[in-house]
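Work through the following exercises with the sequence and the model open side by side. Each task is followed by a solution that goes step by step.

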Amino acid sequence: MGLAQTQQVLAQLYTNTDFRERFFANPEAVGIEFELSDDEAQQLAQSAQQINIFANSLKWKRLGEVRELLPRTAKVLGKDFTALFWQYAETYLPQGIKKHLQDAIAFANFLEKTTSDLVSDLVRYEKTWLLTYERDRYFQISWFRYAVHRDCKAQLAIAIWFRFPQGQLHHIVQGVGKRLTTTY
């Protein structure tokens with residue numbers, strides 16, 4: 001087994017739960033997909049405990065980073081945040097630089113499709129913050145059904161993010177009907 005093959009197999013074992021379960025259930029048969037000999041597949045299978053521990057530590061690290069980037073959503077969802085993250089983590093693996101930012105944005109997209117209107121609004125609000133960190137984004141405007149910047153009560157709100165070239169990011173949220181204004 002060459003270095004490239006070893007890296008491919010280990011990457012799959014660390015990040016893909018279905019593959020890991022399939023491999024440890026029948027290492028020789030699954031190893032054929034990566035041109036592993038029976039001995040090589042058995043050697044990897046003997047490291048199942050260490051591989052599972054490392055794979056779990058990678059997922060917990062991702063969860064911690066995403067929780068820091070979506071703090072309000074994490075607070076509102078409580079334990080459901082972790083449960084939903086495990087579901088999502090099986091479907092997406094971030095690549096390249098800014099992995100944690102990409103992971104949080106992708107998880108926000110997942111939550112928007114799978115949660116209540118309130119959580120969907122809240123996660124969209126936090127996702128927009130993450131998107132506006134990119135220096136090439138100068139203007140963003142979004143409507144929300146809830147006061148996502150405060151107490152999350154049902155109230156229409158509009159949020160505007162803007163930056164002048166080479167300038168600092170500004171943010172304004174205005175509640176519609178009742179005065180709810182926050183400026184950063």
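**Exercise 1. Salt bridges**

Task: State how many salt bridges the structure holds, and place the pair of glutamate 90 and lysine 59 in the chain.

Solution. The structure holds 7 salt bridges, a salt bridge being a side-chain nitrogen of Lys or Arg within 4 Å of a carboxyl oxygen of Asp or Glu. This is a predicted model, in which local features need pLDDT of at least 70 and side-chain atom pairs count only at pLDDT 80 or more, while totals for chains, interfaces and linings use all residues. Residues are numbered from 1 along each chain as its sequence is written, and side-chain values use heavy atoms, with hydrogens and water left out.

Step 1: glutamate 90 and lysine 59 meet through their side chains in one such bridge, at 2.9 Å from N to O. Glutamate 90 sits in the loop between helix H7 (79-89) and helix H8 (99-114), whereas lysine 59 belongs to helix H5 (residues 48-69), so that the pair links distant parts of the chain, 31 residues apart; helices (H or I, at least four residues) and strands (E, at least two) are DSSP runs, numbered from the N terminus.

Step 2: compare the cover of the two partners, where buried means under 20% relative accessible area, exposed over 50%, and partly exposed in between (1.4 Å probe, protein chains only). Glutamate 90 is partly exposed because its relative accessible area is 35%, whereas lysine 59 counts as buried because its relative accessibility is 16%.

**Exercise 2. Two further bridges and a network**

Task: Determine which parts of the chain are linked by the salt bridge of arginine 62 with aspartate 103, and by that of glutamate 112 with lysine 127.

Solution. Step 1: the closest N and O atoms of arginine 62 and aspartate 103 are 2.7 Å apart in their salt bridge. This pair links arginine 62 in helix H5 to aspartate 103 in helix H8, 41 residues apart, and both arginine 62 and aspartate 103 are buried.

Step 2: glutamate 112 forms a salt bridge with lysine 127, again with closest N and O atoms 2.7 Å apart. Here helix H8, which holds glutamate 112, is linked to helix H9 (residues 117-132), which holds lysine 127, and the two residues are 15 apart. Glutamate 112 counts as partly exposed because its relative accessibility is 22%, while lysine 127 is buried, with a relative accessible area of 13%.

Step 3: Asp117, Asp121, Arg124 and Arg145 are linked in a network of salt bridges.

**Exercise 3. The nonpolar core**

Task: Which helix supplies the largest share of the largest nonpolar core, and which residues have the most contacts inside this core?

Solution. Step 1: a nonpolar core is a set of buried Ala, Val, Leu, Ile, Met, Phe, Trp, Tyr and Cys residues joined through side-chain atoms within 4.5 Å. The largest one has 21 residues, and those with the most contacts inside it are Val66, Leu70, Phe81, Phe85, Phe107 and Leu111.

Step 2: H5, helix H6 (71-77), H7, H8 and H9 each supply at least two residues of this core, and the largest share, 8 residues, comes from H8.

Step 3: not counting residues up to four places away in sequence, leucine 111 touches Thr73, Leu77, Leu84 and Val123, contact meaning heavy atoms within 4.5 Å.

**Exercise 4. Aromatic pairs**

Task: Explain why the rings of phenylalanine 19 and phenylalanine 34 are classed as they are, and do likewise for tryptophan 129 and tryptophan 161.

Solution. Step 1: rings of Phe, Tyr and Trp (its six-membered ring) pair if their centres lie within 6.5 Å, and planes under 30 degrees apart count as stacked, over 60 as edge-to-face and the rest as tilted. The structure holds 17 aromatic pairs.

Step 2: the rings of phenylalanine 19 and phenylalanine 34 are edge-to-face because their planes stand at 75 degrees, with centres 5.5 Å apart. Phenylalanine 19 lies in helix H2, and phenylalanine 34 in the loop between helix H3 (27-31) and helix H4 (38-45). Phenylalanine 19 is buried, with a relative accessible area of 5%, and phenylalanine 34 counts as buried at 16% relative accessibility.

Step 3: the rings of tryptophan 129 and tryptophan 161 have centres 6.0 Å apart and planes at 90 degrees, and this pair is therefore edge-to-face. Because tryptophan 129 lies in helix H9 and tryptophan 161 in strand S2 (residues 154-163), the pair ties together parts that are 32 residues apart in sequence.
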